[in-house]
Amino acid sequence: MKDYLAQIEKLRKDAAECALIRDLATDPAKREVFDRLASHLTVLADQVEVAMLERKDRG
């Protein structure tokens with residue numbers, strides 16, 4: 001369970017960092033890339049959280 005929580009926290013921190021870079025970027029292409037990365041990392045964190053909750057419910 002701690003492994004899941006650590007991964008969720010890391011993914012959310014990475015997503016926040018990507019969002020910060022996106023917000024500071026002046027190049028539109030770079031802004032788009034970091035926007036996509038932030039979104040993707042957020043989805044991954046959500047999926048890990050769902051998997052953790054499903055596993056908890058089964059066990």
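A residue is called buried here when its relative accessible area is under 20%, exposed when over 50%, and partly exposed in between. With that in mind, welcome to this predicted model, a chain in which buried residues make up 19% of the 59 residues.

**The overall picture**

Let's start with the whole chain. Its secondary structure amounts to two helices and zero strands. The C-alpha trace spans about 50 × 15 × 10 Å along its principal axes. The radius of gyration is 14 Å, whereas a compact globule of 59 residues would have one near 10 Å.

On the outside, the chain exposes about 4,700 Å², and carbon and sulfur atoms supply 56% of that area. The chain also carries 11 positive and 12 negative charges, and the mean positions of the two groups are 3 Å apart.

Where along the sequence do the contacting residues sit? Of the contacts in the chain with a separation of 6 or more, 64% are between residues 24 or more positions apart.

**The two helices side by side**

Here is a small table to keep at hand while you look at the structure.

| Helix | Number of residues | Distance between end C-alpha atoms | Buried residues |
|---|---|---|---|
| α1 (residues 2–24) | 23 residues | 33 Å | Ile8, Leu11, Ala15, Cys18 and Ala19 |
| α2 (28–58) | 31 residues | 45 Å | Phe34, Ala38, Leu41, Ala45 and Met52 |

How does the length of helix α1 compare with what 1.5 Å a residue should give? The expected span is 33 Å, so the 33 Å between its end C-alpha atoms agrees. Helix α2 reaches 45 Å from its first C-alpha to its last, close to the 45 Å expected at the 1.5 Å a residue rule.

What covers the buried residues of α1? The cover includes α2. Seen from the other side, the buried residues of α2 pack against α1.

**Two residues to look at**

Ala45 is a good place to zoom in. This residue is found in helix α2. Is Ala45 buried or exposed? Its relative accessibility is 0%, so Ala45 counts as buried. Leaving aside neighbours within four places in sequence, Ala45 is in contact with Ile8, Leu11 and Arg12. Two of these partners, Ile8 and Leu11, are themselves buried in α1. Ala45 can also be compared with Tyr4: they are 41 residues apart in sequence, and their C-alpha atoms are 9.5 Å apart in space.

Next comes His40, which also lies in helix α2. Its relative accessibility is 47%, and because partly exposed covers values between 20% and 50%, His40 counts as partly exposed. The C-alpha atom of His40 is separated by 11 Å from that of Ala19, a residue 21 positions away along the chain. Ala19 is one of the buried residues of α1.

Notes
Residues are numbered from 1 along each chain as its sequence is written. This is a predicted model: local features need pLDDT of at least 70, side-chain atom pairs count only at pLDDT 80 or more; totals for chains, interfaces and linings use all residues. Side-chain values use heavy atoms; hydrogens and water are left out. Helices (H or I, at least four residues) and strands (E, at least two) are DSSP runs, numbered from the N terminus. The radius of gyration is taken over C-alpha atoms; the globule rule is 2.2 Å times the number of residues to the power 0.38. Buried means under 20% relative accessible area, exposed over 50%, partly exposed in between (1.4 Å probe, protein chains only). Contact means heavy atoms within 4.5 Å. Accessible areas come from the Shrake-Rupley method with a 1.4 Å probe; for residues, only the protein chains shown count as cover. Lys and Arg count as positive and Asp and Glu as negative; His and the chain ends are not counted. The place of a charge is taken as NZ of Lys, CZ of Arg, CG of Asp or CD of Glu. The expected span of a helix is 1.5 Å times one less than its number of residues.
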